Amino acid sequence: MQQVIKTFATTNGKYVYDRETNSILSLSDEEFLACRKVENSEATDDDWLVLKRHTEQGFFRPTNIKEILHPSTQFLPFYLENGMNQLTMQVTQNCNLRCSYCAYSGIYNNQRTHSNKSMQLETMYECVDFIMKRSRSVDEICLGFYGGEPLLEFDNIKKCVAYVNEKYRGRPVSFTVTTNGTCLDASIVEFLLANNFSTVISIDGPRDLHNMNRVYADGSGSFDSIIENINFVKKNYPDYFNKISFITVVAPGTDFSCINSFFSVDDVLSDSSIMVNTVSGFGASKNIAYDDLYTVTDSYQKTKILLSAIGLYSEEKTSKLFASNLSLIENLTHGLSRSGLPEKFHPSGPCVPGVMRPFVDVEGNIFPCERVSEKSPVMQIGHIKTGFNLKKIEDILNVGKLTEKECLVCWNLIHCGMCAAACDGGSYLSSEMKLLNCDAVKAKTLENLVTVCLLHEHEVDIKVLTQNKKSLERQFIGYD
């Protein structure tokens, strides 16, 4: 078997990522050239002599992986019967908004569109019973309410929560709701506060930008309704407001600087948790392309975050919308180690379907999560009345089998975050679709590896990214 490595460089250094030990090595110019030859299977005895000090330390070993197989496969029956910790109910497919980029707006192939269907109360009860019977090894359960706009079915949500509190008294349960914020009023907020709800509200920035995409069915903007409700909640229910997080979608053609300014200076939202999404182009029936200005802005804002982390830029001048980028670097840094790989391994992208965050649609069909297509037979992993389809779940969990030949020699195997949804061919899992997404996933990991090395070169106070500086130094293998 061959050595699986990836060479890369920063302005100040040359490096190689060694997959077998999951480590980054700092290289001299001569070593870098030798590693390039190893990477391309062109290394000579002289090249290996150049790399001797590294090979003596256990690096550049031939890969030990012989099969692509997810380690959770053999435990799936146990996990599905005992380890469920979260379930999200699609209480309605109805929505009072018609956001232009919505997954259900009709711009995506093989995806449902808006409808007036709602989940029957009996089905909601069955969802509760389903997870309660399958969570014996879990300390706390989370039940989510999703739409459409879930608060259009507020009466049924109340009845479902009452059912949980009455039938499963003593079981620690938390609740979440994802809402567009237009339906919030005093009675709803008081109920959510009293019942340990966390809330996610969608808002896309200042009025003009928000109303470009997030409109009512009649085409009128929704900003004024949402911001009025948010102001009402913060003024009258500050304890509940602290449990609200916000999500903003930066759509193509929108001005990021305006969005950033809005969340930075708005008196109500400036201290809130903000998550940022972009509009997915995957499976879209029309071109969803971001212009060069967005690409430059994205890089610029991430750079400012990193400069702030190394003390070369004021944190006050960075965008909070990009603060989560540091956590990606932190996670990768903590993941680096010198542990060897087993003979059976799998890319880390797919979660354990049915265990991590299963999603139940209004008809009772079960999907891995709310992000997959509801019209995809291959993603339907069961029904609330009949239980899970173990074979389908095994296939989704082991989606790396589709491209086993490529994965066995891929340098990004350990850090691959590709979701199984990227392989959804509708009635089958597609190796072709999976491979089409590989370059983008590798590019993201490489960008993060370069960032880790840049931070190391600047002797950054790693407590910004990790628990302490020594943590990174133990995981980053370098030589003078």
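Colleague: How many cavities of 30 Å³ or more does the structure hold?

Modeller: Keep in mind that this is a predicted model. Rolling a probe the size of a water molecule over the atoms shows where empty space is left. With the cut-off at 30 Å³ or more, the number of cavities in the structure is 2.

Colleague: Which residue of helix 14 lines the largest cavity?

Modeller: That cavity holds about 60 Å³ of space. Its lining includes Pro350, Cys351, Met379, Ile396 and Cys419. Helix 14 runs over residues 390-397, so the residue from that helix in the lining is Ile396.

Colleague: Which elements do the buried residues of helix 14 pack against?

Modeller: The buried ones are Ile393, Ile396 and Leu397. They cover an arc of only 100 degrees around the axis, so they sit on the same side of helix 14. What they pack against is helix 4 (76-82) and strand 15 (387-388).

Colleague: At the start of helix 14, which backbone nitrogen does a side-chain oxygen of Asn389 reach?

Modeller: The two atoms come to within 3.2 Å of each other. The nitrogen belongs to the backbone of Lys391.

Colleague: Now helix 9: which exposed residues sit on the face turned away from its buried side?

Modeller: Helix 9 spans residues 223-236 and reaches 20 Å from first C-alpha to last. Phe223, Ile226, Ile227, Asn229, Ile230 and Val233 are buried there, and they fall within an arc of 160 degrees, so they line one face of the helix. On the face turned away from that side, the exposed residues are Glu228 and Lys235.

Terms used
Residues numbered from 1 in each chain as written. Predicted model: local features only at pLDDT ≥ 70, side-chain atom pairs only at ≥ 80, totals over all residues. Heavy atoms only, no water. Helix = DSSP H or I, 4+ residues; strand = E, 2+ residues; numbered from the N terminus. Expected span 1.5 Å × (residues − 1). Buried < 20%, exposed > 50% of the residue type's maximum accessible area, 1.4 Å probe, protein only. Arc of directions from axis to C-beta. Contact = heavy atoms within 4.5 Å. Polar contact = N/O pair within 3.5 Å; in protein donor to acceptor, adjacent residues only side chain to side chain. 1 Å grid on protein atoms, 1.4 Å probe; cavity = no way out; pocket = protein on both sides within 12 Å on 5 of 7 lines; lining within 4 Å. Points joined across faces, edges and corners; volume = space filled by probe spheres on them.
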